[in-house]
Amino acid sequence: MTGTPFPIERGHVLAFARALGQETAGEETAAVPPTFPIAFAQFDPDWPLRMKPGMPWNGSGAEPGVASGGPGGLHAEQEFEYIRPIRIGETLSARRRDGRTWQKPGGRGVLNFTERHIDFYDADEQLVARSTTVTVIVAAAP
């Protein structure tokens with residue numbers, strides 16, 4: 001299996017659900033929350049928002065609006081598509097790929113949109129879920 005391995009662990013799912021304020025009373029039969037796949041980033045050593053010892057962290061608040069290695073941008077949209085439910089105990093493989101890009105005129109300049117996908121595959125290489133993120137960067141008007 002290629003891509004970042006993403007184990008669907010019961011404790012991780014329950015902690016995620018609690019962080020969202022979801023009821024976890026029936027913990028032995030807890031369902032995977034709909035937005036849980038984004039937690040794969042904790043297992044991806046190259047995820048840009050993951051802390052790395054000895055390196056500045058984008059989430060530190062030291063320089064708001066500035067991302068290392070890029071111009072930053074606005075997280076404009078997040079969508080999750082499910083082919084089947086995600087099951088506790090399985091390990092998925094997360095694979096990132098680029099999507100569409102487009103532009104629109106804006107009040108402060110050109111809005112540059114970028115779409116990125118993360119596809120989640122099971123051990124049988126079957127697509128289980130897909131996350132689509134859209135970011136926007138404003139190119140200042142001349």
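This report walks through the fold, sheet, core and a few chosen residues of a predicted model.

## Ground rules

Because the model is predicted, local features need pLDDT of at least 70 and side-chain atom pairs count only at pLDDT 80 or more, while totals for chains, interfaces and linings use all residues. Residues are numbered from 1 along each chain as its sequence is written, and side-chain values use heavy atoms, with hydrogens and water left out.

## The chain as a whole

Let us start with the overall layout. The chain has one helix and five strands, where helices (H or I, at least four residues) and strands (E, at least two) are DSSP runs numbered from the N terminus. Read from the N terminus, the elements follow the order β-α-β-β-β-β.

Of the 142 residues in the chain, 30% are buried; here buried means under 20% relative accessible area, exposed means over 50%, and partly exposed lies in between (1.4 Å probe, protein chains only). The chain exposes about 9,100 Å², with 56% of that supplied by carbon and sulfur atoms. These areas come from the Shrake-Rupley method with a 1.4 Å probe, and for residues only the protein chains shown count as cover. Contacts (heavy atoms within 4.5 Å) also reach along the sequence: among those between residues at least 6 apart, 58% join residues at least 24 apart.

## The sheet

Now for the sheet, an open one of five strands in the order 1-3-4-5-2 with antiparallel pairing. Strand 1 and strand 2 are at the edges with a single partner strand each, so one side of each has no neighbour in the sheet. On average, neighbouring strands of this sheet are turned by 30° against each other, direction ignored; the axes behind such angles are lines fitted to C-alpha atoms, for helices over the stretch in contact, and angles run from 0 to 180 degrees between N-to-C directions.

Two strands count as paired if DSSP finds at least two bridges between them. Strand 1 runs antiparallel to strand 3 and is joined to it by four bridges, with proline 7 partnered by threonine 91 in strand 3. Strand 3 and strand 4 share 12 bridges, again antiparallel, and serine 93 has tyrosine 121 in strand 4 as its bridge partner. A hairpin of two residues links strand 3 to strand 4. At the other edge, strand 2 and strand 5 run antiparallel and are joined by eight bridges, where histidine 75 finds its partner in threonine 135 of strand 5.

## The helix and the core

Helix 1 buries His12, Val13, Leu14, Phe16 and Ala17, and these buried residues pack against strand 1 (4–7). Just after helix 1, glycine 21 adopts a positive phi of about 80°.

The largest nonpolar core holds 17 residues, and those with the most contacts inside it are Phe6, Ile8, Phe36, Phe40, Ile86, Leu92 and Phe120. Helix 1 (10–19), strand 3 (91–106), strand 4 (109–121) and strand 5 (127–140) each give two or more residues to this core. Such a core is a set of buried Ala, Val, Leu, Ile, Met, Phe, Trp, Tyr and Cys residues joined through side-chain atoms within 4.5 Å. Isoleucine 8 is a good one to click on: beyond residues up to four places away in sequence, isoleucine 8 touches Val13, Val32, Phe36, Ile86, Arg87, Ile88, Gly89, Glu90 and Leu92.

## Three residues to look at

Tryptophan 47 sits in the loop between helix 1 and strand 2 (74–82), and counts as buried because its relative accessibility is 18%. Apart from neighbours within four places in sequence, tryptophan 47 contacts Phe40, Ala41, Lys52, Arg96 and Ile118. Threonine 133, in strand 5, is also buried, at 16% relative accessibility. Its side chain makes a polar contact of 3.1 Å with that of glutamine 78; a polar contact is a pair of N or O atoms within 3.5 Å, where within protein one must be able to donate a hydrogen and the other to accept it, and residues adjacent in sequence count only if both atoms are side-chain atoms.

Proline 5, in strand 1, is exposed, with a relative accessible area of 52%. Leaving out residues up to four places away in sequence, proline 5 touches Phe43, Thr91 and Leu92. The C-alpha atoms of proline 5 and aspartate 44 are 8.1 Å apart, although 39 residues separate them along the chain.
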